[in-house]
Amino acid sequence: PEFTNTFGVNFISKGSYPKCDVIDYPESLKIRAEIAGLTKDDVDIEIKKDVLTISGKSTEEFNDEKATYIKKELKHSSFKRSFILSDKLDTDSIDASFKNGILTITIGKKQAEVEVSKRIVIK
């Protein structure tokens, strides 16, 4: 819970796909997801309430009836990975890019509200 409050994202899930880095900067938070074999058109990013979801579907299929897999590690199926965002992040300030199989999502942080003091005149 402390990590979630501090960095604004809940991502505790060891076996999740795609593998992601979550990086904290003073003005923003970045989520970098490794999505090999897909294009940006194969990937969707959605925010609903305080949940950011990355999903996608591989259109590549390898079906050779003569072949026998000795080891199969490449993912060729649909995926969905969600992150719970804190209220410290500005969901109206999100940018996403996709290059060389890496999806980078940048979420701006909300500016801290400055307390304004006001002097009250006694009548």
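This report covers the fold, the open sheet, the core and two loop residues of a predicted model.

Residues are numbered from 1 along each chain as its sequence is written, and side-chain values use heavy atoms, with hydrogens and water left out. In this predicted model, local features need pLDDT of at least 70 and side-chain atom pairs count only at pLDDT 80 or more, while totals for chains, interfaces and linings use all residues.

**Overall make-up**

The protein chain holds one helix and eight strands. Helices (H or I, at least four residues) and strands (E, at least two) are DSSP runs, numbered from the N terminus. The order from the N terminus on is α-β-β-β-β-β-β-β-β.

The chain has 123 residues, and 26% of them are buried. Buried means under 20% relative accessible area, exposed over 50%, and partly exposed in between (1.4 Å probe, protein chains only). The protein chain exposes about 10,000 Å², with carbon and sulfur atoms supplying 50% of that area. Accessible areas come from the Shrake-Rupley method with a 1.4 Å probe; for residues, only the protein chains shown count as cover.

Among contacts with a separation of 6 or more, 53% link residues 24 or more positions apart. Contact means heavy atoms within 4.5 Å.

**The open sheet**

Four strands build an open sheet in the order β2-β3-β8-β7, with antiparallel pairing. Two strands pair if DSSP finds at least two bridges between them. β2 (20–24) and β7 are the edge strands, each pairing on one side only. From one strand to the next, the twist averages 15°. Axes here are lines fitted to C-alpha atoms, for helices over the stretch in contact, and angles run from 0 to 180 degrees between N-to-C directions.

β2 and β3 form a hairpin, with three residues between them. Five bridges join these two antiparallel strands. C20 stands opposite A33 in β3.

On to the next pair. Strand β3 (residues 28–34) is joined to β8 by seven bridges, and the two run antiparallel. S28 lies in β3. Its bridge partner in β8 is G108. S28 counts as buried because its relative accessible area is 14%. Leaving aside residues up to four places away in sequence, S28 touches I23, T106, I107, G108 and K109.

**The nonpolar core**

The largest nonpolar core has 16 residues, and I35, L52 and I54 touch the most other members. A nonpolar core is a set of buried Ala, Val, Leu, Ile, Met, Phe, Trp, Tyr and Cys residues joined through side-chain atoms within 4.5 Å. β3, β5, β6 (79–85) and β8 each supply at least two residues of this core. In soluble globular proteins, nonpolar side chains tend to be buried together.

I54 touches residues including A33, I35, V43, F79, F83, L103 and I105, not counting those up to four places away in sequence. D44, K80 and R81 are also among the contacts of I54.

**Two loop residues with positive phi**

K49 and N100 are set out below.

| Residue | Phi | Loop | Relative accessibility |
|---|---|---|---|
| K49 | near 60° | between β4 (43–48) and β5 (51–56) | 78% |
| N100 | near 55° | between β7 (89–99) and β8 (102–109) | 73% |

K49 is a residue other than glycine with a positive phi. The description also fits N100. K49 counts as exposed because its relative accessibility is 78%. N100 counts as exposed because its relative accessibility is 73%.
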